[in-house]
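Reader: I've just opened this one and I'm not sure where to start. Could you walk me through it?

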Amino acid sequence: MSKKRRAIVWFRQDLRLHDNVALLEAIHSAIEVIPVYVFDERYFGVDTELGFPKTGPHRTKFLLESVADLRKNLRRINGQLIVRVGKTEDILFDIAEQAKSGWVFCNRERTPMEVTIQDDLEQRLWSIGQEVRFSRGKMLYHTADLPFPIQHVPDSFSQFRKETERYVGVREPMEAPSNSLAQLTVDIDPGEMPSMADFGFEGYHTDRSGNPLFEGGETAGLNRLHTYFNHPDAVDSYRESRSDLSGDLYSTKFSAWLAQGCLSPKTIYQELKKYEERYRDSKSTQELVYNLLLRDHHRFMAKKYGEHFFEEGGVQGSYQNDWSDDYHTFHKWVNGETGVPLVDAAMMELYQTGYLSNRARQNVASYLINDLHVNWQLGASYFESILIDYDVTSNWGNWSQMAGVGSEVRDDRYLNIEAQALRYDPHGEYVKKWLPQFKDMPGEKIHQIHRLSPEEVISYGLDPNGPYVPRERERGDQRVPSS
Ligand SMILES: Cc1cc2nc3c(=O)[nH]c(=O)nc-3n(C[C@H](O)[C@H](O)[C@H](O)COP(=O)(O)OP(=O)(O)OC[C@H]3O[C@@H](n4cnc5c(N)ncnc54)[C@H](O)[C@@H]3O)c2cc1C
């Protein structure tokens with residue numbers, strides 16, 4: 001390809017310079033490169049049908065930090081990130097027309113809304129003789145390297161692993177560009193970074209005291225990557241500690257950076273292999289690869305099943321009759337007012353930080369679906385709003401799996417919350433952290449609260465009108481089903 005023209009690089013969920021195929025292809029193909037990021041008006045500052053912000057405050061903050069970091073890192077190589085708020089395809093079209101670029105390079109997305117946007121852009125660019133050039137970079141595996149077409153990817157994750165791990169290699173990640181970009185000879189306003197207030201989050205205060213890790217951006221993501229793999233204790237205990245509820249090092253916490261593409265999964269894999277060479281491979285390092293592949297598998301399932309992946313009956317097409325759209329019950333769950341301390345503590349952590357351990361996610365999801373009998377899609381929609389690490393296929397895939405309508409039918413979907421609480425929070429420390437009203441209750445009583453008399457509950461300072469003190473008519477109710 002002759003190097004004559006300008007190229008736009010449309011940054012999407014790939015907010016990084018390292019291992020960014022779209023960026024490298026643009027640099028390789030064109031003389032001048034114009035990097036662009038659009039805060040799309042369909043995702044920011046708008047509410048979902050359920051009344052939650054489409055992109056909640058934690059993720060918005062993380063994204064603002066990530067885009068600011070990208071801008072800073074691009075400046076180091078003489079790049080100027082153009083930042084806009086609006087409708088992506090209109091904005092990119094206008095910039096392409098003004099800059100008379102030849103192509104818009106981007107990493108391809110596979111989920112419905114993202115596909116609509118990229119298709120619209122492609123059609124509009126054709127009208128001015130320009131084209132979209134797609135690259136790939138979200139996953140550990142390249143679709144092209146799979147030994148089967150997407151339609152034949154096994155529904156069972158273990159089968160998928162069996163049929164791929166031995167035969168499919170993980171490609172080497174690409175280095176970040178080191179040479180300076182050519183000076184732009186077209187004048188384009190770089191645009192101001194929007195603020196939290198621009199998206200309706202004035203006075204937003206995030207409690208990062210529980211999880212201070214999540215600063216957005218490639219720089220913070222790479223720092224975390226190196227910190228984590230320099231902690232042999234953390235890596236070696238990953239398999240066991242991953243089920244913990246609190247702490248910096250019980251799991252990698254890579255998810256938010258992975259979701260926005262501040263970290264490449266291949267770069268994580270490469271670091272992990274270096275770690276294995278330096279120290280040892282173990283069940284823990286294998287488990288980490290397993291989880292990164294699980295992420296890929298959800299993506300393949302979304303591609304294989306399209307819209308069904310998000311439907312109530314899921315890819316199974318099966319409906320459970322007793323799910324309801326009971327908004328009253330659903331909102332109690334959202335607000336951490338179910339009366340079950342473990343569930344309520346987790347919902348408070350989620351609300352305040354945007355993050356939850358995998359164990360806590362499974363517990364609150366199981367409780368909503370199996371104990372409250374609420375439609376799993378409501379839970380998935382709330383997570384979509386609130387999660388700092390929301391990833392469309394990981395979220396909807398895990399939720400549908402918990403609801404038993406995902407690609408894999410498993411028997412262990414029902415979690416007995418009391419048993420889980422006693423196992424993973426035996427001293428009630430997690431609950432006390434997120435529900436300070438429990439501070440005076442002896443830890444061992446917290447998860448047995450439904451067995452205490454109202455008088456005893458009140459004696460520990462809990463609000464007689466709150467969710468933990470059973471009203472007269474509720475006495476004797478089993479709040480937590482016992483099997
Ligand atoms: C109901 C529910 C909703 C979820 N929603 C999301 C979501 O929106 N975004 C998201 O990234 N993860 C989601 N997960 C998966 C998992 O809980 C998180 O990836 C994990 O807790 C993030 O913490 P970590 O990075 O420390 O994970 P680690 O245990 O350190 O795992 C490393 C990486 O592997 C991937 N991974 C791990 N477990 C899973 C899994 N079950 N499915 C897919 N990928 C996985 C993630 O990218 C993660 O960052 C969800 C799980 C449940 C049960």
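Reader: Let's start with helix α16. How many of its residues are buried?

Author: Keep in mind that this is a predicted model. Helix α16 covers residues 392-402 and is mostly covered. Its buried residues include Trp 396, Trp 399 and Met 402. The count of buried residues in α16 is eleven of eleven.

Reader: OK, and what covers the buried residues of α16?

Author: Several other helices take part. Past the end of α16 comes Gly 404, with a positive phi near 80°. As for the cover over the buried residues of α16, it includes α11, α14 (358-371) and α15 (376-386).

Reader: Now the domains. Where does each one begin and end, and how far apart are the centres of domain 2 and domain 3?

Author: Domain 1 takes in 6-137, and domain 3 takes in 327-474. Domain 2 comes in two pieces, 138-171 and 218-306. Taken over C-alpha atoms, the centres of domain 2 and domain 3 are separated by 27 Å.

Reader: Which helix gives the largest share of the side of domain 2 that touches domain 3?

Author: Between these domains, 17 residues of domain 2 are in contact with 17 residues of domain 3. On the domain 2 side, α9 (255-259) and α11 (283-305) each supply at least two residues. The largest share is five residues, and the helix that gives it is α11.

Reader: By class, what residues does that side of domain 2 have?

Author: Here we're looking at the side of domain 2 that touches domain 3, where α11 supplies five residues. Sorted by class, that side has six nonpolar, six polar and five charged residues.

Reader: Let's turn to the sheet. What is the order of its five strands, and which ones stand at the edges?

Author: The sheet is open, its pairing is parallel, and the order is β3-β2-β1-β4-β5. An edge strand has a single partner, so one side of it is left without a neighbour in the sheet; the two strands in that position are β3 (82-86) and β5 (131-135).

Reader: By how many degrees are neighbouring strands turned, and what angle does helix α1 make with β4?

Author: On average, and ignoring direction, neighbouring strands of this sheet are turned by 30° against each other. Helix α1 (residues 21-29) packs on the sheet and touches β1 (6-11), β2 (32-40), β4 and β5. Its direction and that of β4 make an angle of about 155°.

Reader: What about the pairs inside the sheet: which residue of β5 stands opposite Cys 106?

Author: Strand β4 (residues 103-107) and β5 run parallel, joined by five bridges. Opposite Cys 106, in β5, stands Phe 134.

Reader: And β2, how many of its residues are buried, and what hand does its unit with α2 and β3 have?

Author: β2 has eight of its nine residues buried. Six bridges join it to β1, with Arg 6 opposite Glu 32. Five bridges link β2 to β3, also in the parallel sense, and Asp 40 has Gly 86 as its bridge partner. Together with helix α2 (residues 57-75), β2 and β3 make a β-α-β unit that is right-handed.

Reader: One last stop: is Ser 195 buried or exposed?

Author: Ser 195 sits in the loop between α5 (157-164) and α6 (218-229). Its C-alpha atom is 7.5 Å from that of Leu 64, 131 residues away along the chain. Within 10 Å it has 12 other C-beta atoms, and because 12 or fewer is the cut-off, Ser 195 counts as exposed.

Conventions: Residues numbered from 1 in each chain as written. Predicted model: local features only at pLDDT ≥ 70, side-chain atom pairs only at ≥ 80, totals over all residues. Helix = DSSP H or I, 4+ residues; strand = E, 2+ residues; numbered from the N terminus. Buried ≥ 20, exposed ≤ 12 C-beta atoms within 10 Å, placed from the backbone. Pairing = 2+ DSSP bridges. Axes fitted to C-alpha atoms, helices over the stretch in contact; angles between N-to-C directions. Contact = placed C-beta atoms within 7 Å. Domains from an automatic or database assignment. Nonpolar A, V, L, I, M, F, W, Y, C, P; charged D, E, K, R; others polar. Right-handed = clockwise from strand over helix to strand, strands pointing away.
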